[in-house]
Amino acid sequence: MPRRRLRPALRSIGVALAGGGPFGAVYEIGALLALEDAVAGLELNRLGCYVGVSAGSFLAAALANGIPIREIHRVLIAGGEGDIALAPHRFRRPAWREYLHATLGRRLPTGLFDNEAIHDYLRGILERSGRTNDFRRLARRLYIVATDLDTGQTVSFGRPGHDRVPISRAVQASAALPGLFPPVEIDGHHFVDGALRKTLHASEALDEGMRLVLCVNPIVPFDRRREVSGAPLAKGGLRVVLSQTLRTLIHSRLATGIAGYRTRYPGADVVLFEPEPGDREIFSANLLGYAARRRICERAYASTLRDLLRRRFELEAILARHGLRLRPEVLRSVHRVAARPGSHGAAAAALRASFARLGGSLADLRALLERKERGQAA
């Protein structure tokens, strides 16, 4: 595959996508759509480096292969037809071989579902004309992170020594959530979910000299203090308590990693996008579910626009360093996005829009005060 030359501004920009099951992939699609719409100069298919973990590895592999995020949305979210059309039931096929081995060996199976379908599905997409299932033939750097089950160490597929593995097989390994899917054997080693040690692995892009890394993490703990009303989480039973516990552990680890990047990579910018912590619908979503994908994707799109609007002064300066800028007309459309039919009623949408405008005004005021204080200090 011939390598297309990148604009210098894009050559030093990378994207890192975390895991989160089908829900995580759906959320990341909405967030990436918002970023490409709202950031002028950002072309998600022409960046310098792509890093994917677990569910995020699907999208990283597709973007690195030149599949536009809008095409991914059209087929996976909007239900359109195409060569990447997805039939969710294919990924719920029982791992019969595991059950057979468990019966013969009198042990439990290592996974409930057969993840070979993941490899087959992605291979069918990437081996079409104009794409590649070979890391070495990609025009851009792609790193898919998995965990070696026997050592607990992470392996970055796509790096020398680990780049002969088909991309589809690497994604299968990175998404092999223990208990749900069996470990994936590659060259005599067994691999499981890449998020076991780290949530994001943005360092893979930073180690390649990326000066700006855009990160999307779909899993955050719920903050009930942001609700006007609602029952305490303890009233939700074991599932809710465990969900909050898992989300808190994952997010705490992520926060530590992001803080470490600032020390280890001075001069590089790492910008993280996540769901709003007070969004109960996002918190209540089934991480393994796919049915509510349209609604989740819309909420991710609107949430990311609101985040860009709230942080626009901070982000404008960061983006400008890398030849990018925000599109004010797109950020203002967040109020129309929030009020689209089917969200939660016109009154609730109007209230959210008012709060978003208030948040934007407060952010403006805070930025002006900070500038004034810096001027006085100087």
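User: Why is Arg306 called buried or exposed in this model?

Analyst: The model is a predicted one. Arg306 has a relative accessible area of 12%, and buried means under 20%, so Arg306 counts as buried. The residue is found in helix H11, which covers residues 293–310.

User: What makes the pair of Arg306 and Glu276 a polar contact?

Analyst: The side chains of Arg306 and Glu276 are joined at 2.8 Å. The limit for a pair of N or O atoms is 3.5 Å, and the value is within that limit, so the pair qualifies as a polar contact. Arg306 also has a neighbour in space from further along the chain: the C-alpha atoms of Arg306 and Val334 are 6.5 Å apart, with their positions 28 residues apart in sequence.

User: Why is helix H3 described as largely enclosed by the rest of the structure?

Analyst: Of the ten residues in H3 (residues 55–64), nine are buried, and the helix is therefore largely enclosed. Those buried residues are Ala55, Gly56, Ser57, Leu59, Ala60, Ala61, Ala62, Leu63 and Ala64. Just after H3 comes Gly66, with a positive phi of about 85°.

User: What makes Asp187 and His201 stand out in their backbone angles?

Analyst: Each has a positive phi without being a glycine: about 50° for Asp187 and about 60° for His201. Asp187 sits in the loop between strand S6 (184–186) and strand S7 (189–192). His201 belongs to the loop between S7 and helix H8 (203–206).

User: How do you know whether Asp187 is buried or exposed?

Analyst: Its relative accessibility is 68%. Exposed means over 50%, so Asp187 is exposed.

User: And why is His201 put in its class, buried or exposed?

Analyst: His201 has a relative accessible area of 2%. That value is under 20%, so His201 is buried.

User: How do you know whether Asn133 is buried or exposed, and what does its side chain reach?

Analyst: Asn133 has 10% relative accessibility, which is under 20%, so the residue counts as buried. Asn133 lies in the loop between helix H6 (116–126) and strand S4 (141–148). Its side chain reaches the backbone nitrogen of Ser168 at 2.9 Å. Leaving out residues up to four places away in sequence, Asn133 touches Arg123, Leu126, Glu127, Pro166, Ile167 and Ser168.

User: How are H6 and helix H7 placed against each other, and what makes the contact?

Analyst: H6 and H7 (residues 167–174) pack at an angle of about 145°, and their axes are 8 Å apart. The crossing is right-handed. From H6 the contact uses Glu116, Ile118, His119, Leu122, Arg123 and Leu126, and from H7 it uses Ile167, Ser168, Arg169, Val171 and Gln172. By class these are five nonpolar, three polar and three charged residues.

User: What is the handedness of the crossing of H2 and H4, and which residues make the contact?

Analyst: That crossing is left-handed. Helix H2 (residues 21–38) and helix H4 (residues 69–76) pack at about 145°, with axes 10 Å apart. Ile29, Leu32, Leu33, Glu36 and Asp37 of H2 meet Ile69, Arg70, Ile72, His73 and Leu76 of H4. The classes here are six nonpolar, one polar and three charged residues.

User: Why is Val39 put in its class, buried or exposed?

Analyst: Val39 has 3% relative accessibility. The cut-off for buried is under 20%, so Val39 is buried. Val39 is found in strand S2 (residues 39–40).

User: How far apart are Val39 and Leu326 in sequence and in space?

Analyst: They are 287 residues apart along the chain, and their C-alpha atoms are separated by 4.6 Å. Beyond neighbours within four places in sequence, Val39 is in contact with Leu319, Leu324, Arg325, Leu326 and Arg327.

User: What is the confidence in the model, and where does pLDDT stay under 50?

Analyst: The chain averages a pLDDT of 83, and 76% of the residues score at least 70. pLDDT stays under 50 over residues 1–6, where the model has 18 contacts beyond four places in sequence. pLDDT also stays under 50 over residues 338–359, with 16 such contacts.

How values were computed:
Residues are numbered from 1 along each chain as its sequence is written. This is a predicted model: local features need pLDDT of at least 70, side-chain atom pairs count only at pLDDT 80 or more; totals for chains, interfaces and linings use all residues. Side-chain values use heavy atoms; hydrogens and water are left out. Helices (H or I, at least four residues) and strands (E, at least two) are DSSP runs, numbered from the N terminus. Buried means under 20% relative accessible area, exposed over 50%, partly exposed in between (1.4 Å probe, protein chains only). A polar contact is a pair of N or O atoms within 3.5 Å; within protein, one must be able to donate a hydrogen and the other to accept it, and residues adjacent in sequence count only if both atoms are side-chain atoms. pLDDT is the predictor's confidence in each residue, from 0 to 100. Contact means heavy atoms within 4.5 Å. Axes are lines fitted to C-alpha atoms, for helices over the stretch in contact, and angles run from 0 to 180 degrees between N-to-C directions. A crossing is left-handed if the near helix is turned anticlockwise from the far one by less than a right angle, and right-handed if clockwise. Ala, Val, Leu, Ile, Met, Phe, Trp, Tyr, Cys and Pro count as nonpolar, Asp, Glu, Lys and Arg as charged, and the others, Gly among them, as polar.
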